[in-house]
Amino acid sequence: EDNEGNQAMVKTSFFSLGALATLALLATLVPSVLGANGIDISMADCPSVTLSQWQCMKNSYGDSFAIIEAFDGGYQINKQIATCVNNAWNAGFSHVDVYAFLCPNCAGNTPASSAVKNLINFLQSNNVKYGMLWFDIEQCTGCWNDVNSNFQYVQECVSAAQSAGVSVGIYSSLYEWQQTVGSATGLQNLPLWYAHYDNNPSFSDPQYWQFGGWTTPAIKQYNDSGDSSCGVSVDVDWYPN
């Protein structure tokens, strides 16, 4: 799951306790203010989101990036992905990415290289304009095997996408990564989009993104429910400027 902000400048002609207090307050706010707001949306939900709802998310919540599910396990390719992505662009979003959940025990997902190539070919043939493909690493019942073969499968997905010239990132959380691939490292050169639902748009929670060898994240999914007044079902995300 993405991955543009507001800036405040305080000018004063004299020092006072009030001014210093104001500056101290601003310093505490900077990490969560200076960044980009965005959303991610599932394959099940995006086809029903209208252009006006996309515009609502941009105008009412200041969202500037979207990450839309393009592949969902046994359900495979999102056949409506072009419409979903086009609506986001047409609503004025600055960046639109796609994400894919693949799993070795899901129908049509093996070999990983074929599933990924089929997805990329579909995106190309339907003129889907996107920046990055994020691979969603998380558990589902009966979807995965042992942690070693699971990590090999993820690596195959990444390699297939990169061989096709696609920019790749990883979406996961501390818990889901450990449950799926254990303590595996080797993909930390890729951007990390991590989930931690603390409703805090900042990277001030390193204990939740220091897994898999990563030393810094790219995007945070900080709430699994947002933009409610637009009548949509989305997660909300953030990254710093």
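Student: Which residues does valine 96 touch, leaving out those up to four places away in sequence?

Tutor: In this model, which is a predicted one, valine 96 touches Ala66, Ile68, Val85, Ala88, Trp89, Lys129, Tyr130 and Gly131, once residues up to four places away in sequence are set aside.

Student: And where does valine 96 lie?

Tutor: Valine 96 lies in strand E4, which covers residues 95-101. Its relative accessibility is 1%, and because the cut-off for buried is under 20%, valine 96 counts as buried.

Student: How far apart are valine 96 and valine 85?

Tutor: Along the sequence they are 11 residues apart, while in space their C-alpha atoms are 6.9 Å apart. Val85 is also among the residues that valine 96 touches.

Student: Switching to cysteines, how many disulfides does the structure hold?

Tutor: The structure holds four disulfides. If you count the bonded cysteines along the chain, the pattern of the disulfides is 1-3, 2-8, 4-5, 6-7.

Student: Let's take cysteine 56, then. Which cysteine is joined to it?

Tutor: Cysteine 56 is joined by a disulfide to cysteine 230, with an S to S distance of 2.1 Å. This pair links distant parts of the chain, since cysteine 56 sits in helix H2 (residues 51-61) and cysteine 230 in the loop between strand E8 (219-226) and strand E9 (234-240), with their positions 174 residues apart.

Student: Are those two buried or exposed?

Tutor: Both cysteine 56 and cysteine 230 are buried. As for the bond itself, the torsion about the S-S bond of cysteine 56 and cysteine 230 is about -80°, so this disulfide is left-handed.

Student: What about cysteine 103, what is it joined to?

Tutor: A disulfide joins cysteine 103 to cysteine 106, with 1.7 Å from S to S, and cysteine 103 and cysteine 106 are both buried. The torsion about their S-S bond is about -95°, so the disulfide of cysteine 103 and cysteine 106 is left-handed.

Student: And which cysteine pairs with cysteine 140?

Tutor: Cysteine 140 is joined to cysteine 143 by a disulfide with an S to S distance of 1.5 Å. Here the torsion about the S-S bond is about -105°, so the disulfide of cysteine 140 and cysteine 143 is again left-handed. Cysteine 140 is partly exposed, having a relative accessible area of 27%, whereas cysteine 143 is buried, with a relative accessible area of 7%.

Student: Why does cysteine 157 have no bond to cysteine 103?

Tutor: The sulfur of cysteine 157 is 9.4 Å from the closest cysteine sulfur, the one in cysteine 103, and that is too far for a bond. Cysteine 157 has a relative accessibility of 3%, so it counts as buried.

Student: Does a cavity come into it? I mean, which residues line the largest one?

Tutor: The lining of the largest cavity is made up of Ala100, Leu102, Phe135, Asp136, Ile137, Trp144, Val154 and Cys157. Strand E5 (133-136) and helix H5 (147-163) each supply at least two residues of that lining, and the space in the largest cavity is about 40 Å³.

Student: You mentioned E9 earlier. Which strands pair with E9?

Tutor: Strand E1 (residues 35-41) pairs with E9 in the antiparallel sense over six bridges, and E8 pairs with E9, also in the antiparallel sense, over four bridges. On the E1 and E9 topic, isoleucine 39 has valine 236 in E9 as its bridge partner, while glutamine 221 has aspartate 237 in E9 as its bridge partner.

Student: Why is E9 largely enclosed?

Tutor: Six of the seven residues of E9 are buried, so E9 is largely enclosed by the rest of the structure.

Student: One last residue, threonine 180. Where is it found, and what does its side chain meet?

Tutor: Threonine 180 is found in helix H6, residues 174-181, and with a relative accessibility of 0% it counts as buried. A polar contact of 2.9 Å joins its side chain to the side chain of glutamine 139, and a polar atom of the threonine 180 side chain lies 2.7 Å from the backbone oxygen of glutamate 176.

Student: Which other residues does threonine 180 touch, beyond four places away in sequence?

Tutor: Besides Gln139, threonine 180 touches Ile137, Glu138, Trp144, Val147 and Asn150. Among these, Ile137 and Trp144 also belong to the lining of the largest cavity.

Notes
Residues numbered from 1 in each chain as written. Predicted model: local features only at pLDDT ≥ 70, side-chain atom pairs only at ≥ 80, totals over all residues. Heavy atoms only, no water. Buried < 20%, exposed > 50% of the residue type's maximum accessible area, 1.4 Å probe, protein only. Polar contact = N/O pair within 3.5 Å; in protein donor to acceptor, adjacent residues only side chain to side chain. Contact = heavy atoms within 4.5 Å. Disulfide = S-S within 2.5 Å. Pairing = 2+ DSSP bridges. 1 Å grid on protein atoms, 1.4 Å probe; cavity = no way out; pocket = protein on both sides within 12 Å on 5 of 7 lines; lining within 4 Å. Points joined across faces, edges and corners; volume = space filled by probe spheres on them.
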